[in-house]
Structures are given as C-alpha cells and as structure tokens.
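Q: Hi! I have just opened this one and could use a friendly tour. Can we go through it together?

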Amino acid sequence: MLVLALDTATPTLVAGVARRSAAGDAEVLAERAVPSGNRHAELLVPTVREVLAAAGLALADVDVVVAGLGPGPFTGLRVGVVTAAALADARGVPAVGVCSLDAVGSGARTVVTDARRREVYWAAYDAEGARVDGPGVVRPEEAGLTGPLVGDPRFAERLGAPVEPAEVTTAGLLHAAAGPLADPSSAGPLVPLYLRRPDAVPPTSFKPVTTA
Amino acid sequence: MTEPLVIGFETSCDETGVGVVRGHTLLADALATSVAEHERFGGVVPEIASRAHLEAMVPTVHRALAEAGVAPSDVDAVAVTAGPGLTGALLVGLAAAKAYALALDKPLYGVNHLAAHVAVDELQHGRLAEPSLALLVSGGHSSLLLVPDLAREVTPLGRTIDDAAGEAFDKVARVLGMPFPGGPPIDRAAREGDPAAIDFPRGLTGPRDAPYDVSFSGLKTAVARWVEARRRAGEPVPVADVAASFQEAVADVLTAKAVRACRDHGVDHLVLGGGVAANSRLRALAEERCAAAGIVLRVPSPRLCTDNGAMVAALGSRLVAAGVAPSAPDLGADSSLPVETVSR
Ligand SMILES: Nc1ncnc2c1ncn2[C@@H]1O[C@H](COP(=O)(O)OP(=O)(O)OP(=O)(O)O)[C@@H](O)[C@H]1O
Ligand SMILES: [Mg+2]
C-alpha cells in the first residue's frame, strides 16, 4: 500500500511517500521537511510533486492519504487538512487523520509544539509510544509537564526543562496512523484538532454611533 | 469541439462556493454558507468562516459535480479566488483548488474575486462588450471599473474612500435593528417606504469632488443620527421611510456616477456586479438612467450577484478562452489583491 503523508501543523511543512507492507512495516521512499513558516499554502502542492517525483511515482499510484490534524496554528493547519481531503477525494482514495503530536519523536516522552499566544500544544506518551494524556494547550510556565520533553526547543526556558529538538516525520505520521491504515476505508472525515474556540465576542449591547 | 469545462472555488468570505461552467454556460452553482453562525456577532468572524469552509469543501464539490452531471475527470481547468478577501478563508479554497488541479492534472487559475463579480454576468447575457464599464458594489468594495479586456485589463476609475456600499447597508440595518447581512432586509422594508421622506446626504457629489469616487460613511452617520434623535425624543422610528430614503441615496449616487463615467469615457455598456447589485432600487434606477442615456445595462440575477463559485468558474473560463497563462505552482492568496490584477 502506497501512502502519501502530509502535515502542516507546525512551521515545518512535511510531505512524504511511504510503502506500507501488509505486516504494517513502513518504508519511507521520499520525504521533504520544508521550513515554510506561514507559506504552507504556496509550498505544499509543489512539495508533494517533488516527493512523488523523487520516489519515481505519480499521484495515481497513491492508495491512501495520511494527514496531520494538528493541533497547530489554524490557518496553516487547515491547508494540510483540506489538501489531503481534496487529493484523496479527487483520486477516490481514503484519507486518514492523525494527531500531529503523535508523529513527533518516539517512546516515552512529552511532545511540545508552538501554539502561539505564548502557549504550547502538548501530549504525553508511554514507553510503547501510546498517547496517555493530551493533546492540550497550556502556558509553558503553568504546564508542569514531566519529561523527557521533545519538540520545539524554543520553549525550554519557559518550561524549565530541556527540550530535545524533534519535528513531525513521515515515519511518525505512518506510525501514528497504524490503526486506521489497517482499514482505511472506515476512516471518517478529516476534522482538525483545534483545541481552542474561535476568538469572537458577540456585541453586548447596541452602541450608538453618535454621542451628541 | 466542445468548450472547456471549468470548476471554480470561492471562499473569500463566508460563502463556500463551487461552480461549474462550460464556456458561458452555467452548469452548477453549489453553495454552503456560514452566515447564520456570524449573525449574533453582527459581522463575519474570520475563524468561524474558515472552519466552516473546511467542513463544507468536499461536500460542496460533490454537489457541484452532481448538479453539473460531470465526473472529476471531465474537468479541463480549475479556477480559484486568490484575493481579495479574508486570508484564512481564502487559503481553504486555494489549497483545495490546488489539490484538485494537481490530482486531476489540470491547469490552475488564481483569479481576482472582484473581476469574477463582473465575469459572472457572461453566464446569463453572453460575452461582455468591450470596453464595458463595471459598477462593482459589494460587502467590502465599491468601485467603478473600466474593462477593456476582462481577461487581462481592468482599470479602476474610482472607489469608495471609506465604507463600501454593502457595509453601509449592513451598518444601517444594525441601527434599525435588522439582521445581518443588512442588504436584503433594507431592500424589503424600503418597498413600503417613501424614498423622498428624508433627504439624506449624497457624498462626494459636489462639483470639485472626485467624479468617480464614492463615500458612504457620512450617509451612514447621518442615518444613525436621524434615527437616534427620534429615539431620544421618544418618537417611533419610521423604519420603512428610513430604509427607502437611505437606499435611494445610495442608488442615486452610484447610478449617477456610473452613467457619468460611461459618458466621459465614451462607453455604452454598463454591467453591475457584487452583492449590492442585488438591490431592487439600484437595479431599477440603473435601468431608468441607462435607458435615458442610451447605455446598454447588464445585471446578473440577484442569486449570482452575491458570492458564489460560478463567478470564479466564469472568469476562469474567460481566461482559458483568452489563452492567459495559468498560475505558478507556488500560487498563494493575497488578501488585498488589487482590482487591476485579474489573475495571478
Ligand atoms: N438586496 C440587497 N440590497 C442591498 N445590499 C445587498 C442586497 N443583497 C445583498 N446585499 C449586500 O451585499 C453584501 C454582500 O455582497 P458580496 O457577497 O458580494 O460581498 P462580499 O463578498 O462580502 O464582499 P467583497 O465581494 O467585497 O469581498 C452585503 O453587504 C449585503 O448586505
Ligand atoms: Mg463578494
């Protein structure tokens, strides 16, 4: 089974193609991690083209699309999610979503990524790599997260502990998708893990335009 | 040889639109809207709109293709609104369109939402005469455009210096306690009112004012003052008269300036576009004044005046026919894309 994996939950855009055996072993054929900042929408499709070309494959060869559902900054996150949904729809193949944090690092760890507004997204994993807590969003100073911490090292100081640098990888996305990939046709629609409500406050009362 | 089949994606504001056209023939116009979710906020909340676009995207594509009776593989080109609009909202449609273009191996055209508001008329009245003058009046824009070539050259003659016409409708509606968006309820209320009841100001109509620019901020404030004075005095507000008189002021200024621009530039075709072009009084007064001035007026049906995917497909179709180069693979969205950039 040929898998195309995409993630835009962090400033690093990730696209990769991998072959997954019936036994569940994944071999990454080509992968790109592009530090694209807020240019995910510009760079994702060209990057997908690149990884397919590097693997000597065409989109028509892809059997399933795996997408990171975040959590991550909303605008960039949606680019990856809607791209995965549209590619899968146009090709008539299933799309499978995973928590992006599950695809960072391996084994016992707590993953932290940038949630902006001086907060981090986090999730904790046991020795088998299974998520046991999170995903959540929290101020690093109040997080009380227990290590080893992996992910975005810029938060080390505010977390009061070192953070081993790590990013989303294609292998990580496939690993996280192992369950649904066993039966991808049963996957539901891709719904981002927003974790925050939209910022919006209804106007409390009618405000006169004039004061005279 | 049949004309190319073009699918168009629109997500610049709160409508998720997917349209399908062949040449100038409208085949499908599927729409999902998050307008009800914004109502209690009195305006569009960008993040709510963006989330709704993502949720609606694939189902809306399915509806459009089913309505058109075509398969994805029948599509010859993909068009998408690349701006102007809300960045987060634009990017959902842009990313989706780029993905469909990649998967279907078809060219992608990033188009200007405002030019698309003009192009939509071709689906109802055939190819636009060129040059035409276009009066584009929507929620975010009010512009007079000279259109020598809709596929390549659109020249702004004037624009609003403050509020857009649709914005004025929305704000006045709020003053009158009407729901959002305010255009339709004001239009309805005005039918029972006297357009000459209150003499609201006509902005920028003095002899030394910019002939093609418009201003609606003063009008909006004048309406609010008038209504508040009534309320303070404990008198009932004659809502229908206020709506009719406000609407008359907007329609009067817009049509007078559009007809003048036609005359000054020797252009005898005027096309209206944008959500406010759905306004019944603007349509009637434009009809009247164009007839008197010997100008051919073209107005799309109200359904196609507000945001939709068909308008994007219509402009895409025009670009394909004109042989304009498709967009580069790294196409992005530009929230303030200038009106003269028809495609990018
Ligand atoms: N019958 C009507 N009379 C007056 N205004 C109307 C009518 N119907 C809709 N409108 C107005 O049209 C606007 C919406 O138009 P449209 O969908 O073209 O705008 P938009 O897409 O929000 O803005 P833009 O196109 O500038 O980005 C709203 O302001 C609405 O009040
Ligand atoms: Mg519009």
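Q: Which residues of chain A does UniProt list for "domain: Gcp-like"?
A: The unreviewed UniProt entry gives residues 38-133 of chain A for that feature. UniProt positions appear here in the numbering used for this model, feature names are shortened, and annotations may be inferred rather than shown by experiment.

Q: What are the helix and strand shares of that span?
A: The span 38-133 of chain A is 34% helix and 25% strand, and its end C-alpha atoms lie 29 Å apart. Helices (H or I, at least four residues) and strands (E, at least two) are DSSP runs, numbered from the N terminus.

Q: What should I know before reading on?
A: This is a predicted model, where local features need pLDDT of at least 70, side-chain atom pairs count only at pLDDT 80 or more, and totals for chains, interfaces and linings use all residues. Residues are numbered from 1 along each chain as its sequence is written, while chains are lettered from A and ligands numbered from 1 in the order in which they are written.

Q: What is the average pLDDT of chain A?
A: Chain A averages 94, with 95% of the residues scoring at least 70. pLDDT is the predictor's confidence in each residue, from 0 to 100.

Q: And where in chain A is the pLDDT below 50?
A: That is residues 205-212 of chain A; beyond near neighbours in sequence, the stretch has seven contacts in the model. Two residues are in contact if their C-beta atoms, placed from the backbone, lie within 7 Å. Where pLDDT is low, the predicted coordinates should not be read in detail.

Q: How is chain A divided into domains?
A: Domain 1 covers 1-100 + 167-196 and domain 2 covers 105-166. Such bounds come from an automatic or database domain assignment. The C-alpha centres of these two domains of chain A lie 22 Å apart.

Q: How many residues of each are in contact?
A: Nine from domain 1 of chain A touch eleven from domain 2 of chain A. The domain 1 side consists of five nonpolar, two polar and two charged residues. In this scheme Ala, Val, Leu, Ile, Met, Phe, Trp, Tyr, Cys and Pro count as nonpolar, Asp, Glu, Lys and Arg as charged, and the others, Gly among them, as polar.

Q: Now the two chains. How many residues does each put into the contact?
A: Chain B supplies 36 residues and chain A supplies 30. On the chain B side, α3(B) gives the most, with 13 residues. By class, that side of chain B has 23 nonpolar, six polar and seven charged residues.

Q: On to ligand 1. Which residues are closest to it?
A: Ligand 1 is surrounded by 23 residues, and the closest are G139(B), G140(B), G166(B), G183(B) and G275(B). A residue is near a molecule if its C-beta atom, placed from the backbone, lies within 6 Å of it. The shell has six nonpolar, 14 polar and three charged residues.

Q: Why does ligand 1 lie between two domains?
A: Because domain 1 (5-120 + 308-322) and domain 2 (129-304) of chain B both give residues to its shell.

Q: Is G139(B) buried or exposed?
A: G139(B) counts as buried, because it has 24 C-beta neighbours inside 10 Å. The cut-offs are 20 or more other C-beta atoms within 10 Å for buried, 12 or fewer for exposed, and partly exposed in between, with C-beta atoms placed from the backbone. G139(B) sits in the loop between β6 (132-137) and β7 (142-149) of chain B. The unreviewed UniProt entry includes G139(B) and D187(B) among its "binding site" residues.

Q: Where is D187(B), then?
A: D187(B) is in helix α7 of chain B. Leaving out residues up to four places away in sequence, D187(B) touches Q247(B), N279(B) and S280(B).

Q: Last topic, the backbone. Which residues does a cis peptide bond join in chain B?
A: F180(B) and P181(B), with omega about -5°. P181(B) lies in the loop between α6 (165-175) and α7 (183-190) of chain B. In chain A, a cis peptide bond joins G70(A) and P71(A), with omega about 10°.
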